[in-house]
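Subject: A structure for you to explore

Hi there,

Here is the structure I promised to pass on. Have a look around it first, and then read my notes below.

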Amino acid sequence: MKSRVKWVDHMTFVAESGSGHAVVMDGPPEFGGRNLGPRPMEMLLMGMGGCSAFDVVQILQKSRQAISDCEVLLEAERADTDPKVFTRIHAHYVVTGRNLSEKHVARAVELSAEKYCSASIMLGRTAEITHDFEIREPD
């Protein structure tokens, strides 16, 4: 896997993935940024959410669950001093579908957290990661 991060100006950077996608990252005005994109640590947290949501959806689809939506709401705390690593992350999964099995959803979330989500397993080296979920029926 490869990536390229190029400084644009001020505290704005463009990150390009090996698969050909780009995203703008920027800092807050108090650090010379112009608030044009997410902060790098926000990207890391979003990456964990995306990695885990991908797992949960895929596991539930393979389990033949009628999933129609999956959202992960993440909250994180960071150390007060440098390096300001994540020290706590909580992931709340909102899984929507018809007649979803609570057992299947719980298992999908557990498998992602313990076996498949490389991002959360890696971040779990410095952060206490917790999770819970709720199941919703579609409107």
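Let's begin with the largest pocket, bearing in mind that this is a predicted model. Its lining is made up of 16 residues, and those nearest the centre are P28, R39, P40, M41 and R78. Sorted by class, nine of the lining residues are nonpolar, six are charged and one is polar. The helix α1 contributes the most to this lining, with four residues. The pocket's volume comes to about 360 Å³. If you wonder how such a space is found, rolling a probe the size of a water molecule over the atoms shows where empty space is left.

Next, the inside of the protein. The largest nonpolar core has 23 residues, and V56, L60, I89, Y93 and V95 are the ones that touch the most other members. Two or more residues each come from α1 (40–62), β4 (66–78), β5 (86–98), α2 (102–116) and α3 (118–123). Here too α1 stands out, giving the largest share with six residues.

Which residues is V56 in contact with, once its neighbours within four places in sequence are left aside? They are C70, Y93, A108, V109 and S112.

Three of those names lead us to α2, where A108, V109 and S112 are buried, along with V105 and L111. An α-helix has 3.6 residues a turn, so residues three or four places apart point the same way. The cover over the buried residues of α2 includes α1, β5, α3 and β6 (128–136). This helix of 15 residues spans 20 Å from its first C-alpha to its last, close to the expected 21 Å.

Enjoy exploring!

Note on methods: Residues numbered from 1 in each chain as written. Predicted model: local features only at pLDDT ≥ 70, side-chain atom pairs only at ≥ 80, totals over all residues. Heavy atoms only, no water. Core = buried A, V, L, I, M, F, W, Y, C linked by side-chain atoms within 4.5 Å. Buried < 20%, exposed > 50% of the residue type's maximum accessible area, 1.4 Å probe, protein only. Contact = heavy atoms within 4.5 Å. 1 Å grid on protein atoms, 1.4 Å probe; cavity = no way out; pocket = protein on both sides within 12 Å on 5 of 7 lines; lining within 4 Å. Points joined across faces, edges and corners; volume = space filled by probe spheres on them. Nonpolar A, V, L, I, M, F, W, Y, C, P; charged D, E, K, R; others polar. Expected span 1.5 Å × (residues − 1).
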